[in-house]
Amino acid sequence: PNAYVTQTRGRYMDWVMWRDVKRRRLVAKYADQKLRVNGIRKNTIIPKVIQEIADKDMSAIPRDAHASRTVPRCVLTSKPRSTVHRHRIGRIQWRSLADYNKLSGITRACW
């Protein structure tokens, strides 16, 4: 089996992968702002008026900026399921790369 997958249409495998990349960029861009606004929203000591302003600020943040909107996809094939989360590679691609010693620190089980 071929250990490498060649990309044929530019930088990303398909439009779904490009959409996921854009979402990950938005999550990184708005992470600090979301953390601050959420801290104000959930603080019970702050007056209600300020909490309501923070609610409006939170609703102004784009939906795709939330971390739950990202899907763990394989970076080689763009498959959404059966990914090894630590390496962000699909199970089948991970296995083929591990078989040919392309992943550092990973050895095939032998007994």
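**Helix α1**

Start by selecting the buried residues of α1 in this predicted model: Val16, Met17, Asp20, Val21, Arg23, Val27, Tyr30, Lys34 and Val37. These buried residues pack against α2, so display α2 (48-60) as well. The list includes charged side chains such as Asp20, Arg23 and Lys34, along with Val16 and Val21.

Now show the whole of α1, residues 15-42, and centre on tyrosine 30. The helix bends there by about 50 degrees. Tyr30 is itself one of the buried residues of α1.

Go back along α1 to arginine 19. This residue counts as partly exposed, with 34% relative accessibility. Keep arginine 19 selected for a distance given below.

**The chain as a whole**

Zoom out and colour by secondary structure. The protein chain has three helices and two strands, and from the N terminus on the elements run α-α-β-β-α. The chain has 111 residues, of which 26% count as buried. Switch on the surface: the accessible area is about 8700 Å², and carbon and sulfur atoms account for 55% of that. If you display contacts between residues at least 6 apart in sequence, 44% of them join residues at least 24 apart.

**The loop between α2 and β1**

Next, select threonine 70, which sits in the loop between α2 (48-60) and β1 (83-84). Which residues does threonine 70 touch, leaving out those up to four places away in sequence? They are Asp20, Arg23, Arg24 and Val27. Of these, Asp20, Arg23 and Val27 also appear among the buried residues of α1.

Stay on threonine 70 and look at its side chain. A polar atom of that side chain lies 2.8 Å from the backbone oxygen of alanine 67. Then draw a line from the C-alpha of threonine 70 to the C-alpha of arginine 19: the two are 9.3 Å apart in space and 51 residues apart in sequence.

**Salt bridges around aspartate 64**

The count of salt bridges comes to five. Side chains of opposite charge can pair when their charged atoms come close.

Select aspartate 64 and arginine 23. The two form a salt bridge, with 3.3 Å between the closest N and O atoms. Because aspartate 64 lies in the loop between α2 and β1 and arginine 23 in helix α1, the pair ties together parts that are 41 residues apart in sequence. Are the two partners buried or exposed? Arginine 23 is buried, at a relative accessible area of 15%, while aspartate 64 is partly exposed, at 24%.

Add arginine 69 to the selection. Aspartate 64 forms a salt bridge with this residue too, and here the closest N and O atoms are 2.9 Å apart. Arginine 69 counts as partly exposed, with 33% relative accessibility.

**Helix α3**

Move on to α3, residues 91-99, and select its buried residues: Gln93, Ser96, Leu97 and Ala98. Strand β2 (89-90) is included in what covers them.

Then show arginine 95 and aspartate 99, whose side chains meet in a salt bridge with an N to O distance of 3.9 Å. How far apart are arginine 95 and aspartate 99 along helix α3? They are four residues apart, and therefore separated by about one helical turn. An α-helix has 3.6 residues a turn, so residues three or four places apart point the same way. Arginine 95 is partly exposed, with a relative accessible area of 46%, and aspartate 99 likewise counts as partly exposed, at 33%.

For another set of salt bridges, return to the previous selection: bridges that share partners join Arg23, Asp64 and Arg69 into one network.

Before leaving α3, step just past its end to asparagine 101, which takes a positive phi of about 55 degrees.

**A nonpolar patch on the surface**

Finish with the surface on, and select Ile40, Val49, Ile50 and Ile53. Together they form a nonpolar patch with about 330 Å² of accessible area. Which element gives the most to the nonpolar patch? It is α2, with three residues. One member to centre on is valine 49, which lies in helix α2. Valine 49 is exposed, with a relative accessible area of 56%.

Note on methods: Residues are numbered from 1 along each chain as its sequence is written. This is a predicted model: local features need pLDDT of at least 70, side-chain atom pairs count only at pLDDT 80 or more; totals for chains, interfaces and linings use all residues. Side-chain values use heavy atoms; hydrogens and water are left out. A polar contact is a pair of N or O atoms within 3.5 Å; within protein, one must be able to donate a hydrogen and the other to accept it, and residues adjacent in sequence count only if both atoms are side-chain atoms. Contact means heavy atoms within 4.5 Å. Buried means under 20% relative accessible area, exposed over 50%, partly exposed in between (1.4 Å probe, protein chains only). Accessible areas come from the Shrake-Rupley method with a 1.4 Å probe; for residues, only the protein chains shown count as cover. Patches are made of residues with over 30% relative accessible area and no salt bridge: like charges are joined within 9 Å, nonpolar side chains (Val, Leu, Ile, Met, Phe, Trp, Tyr) within 5 Å. A salt bridge is a side-chain nitrogen of Lys or Arg within 4 Å of a carboxyl oxygen of Asp or Glu. The bend at a residue is the angle between axes fitted to the seven residues ending there and the seven starting there.
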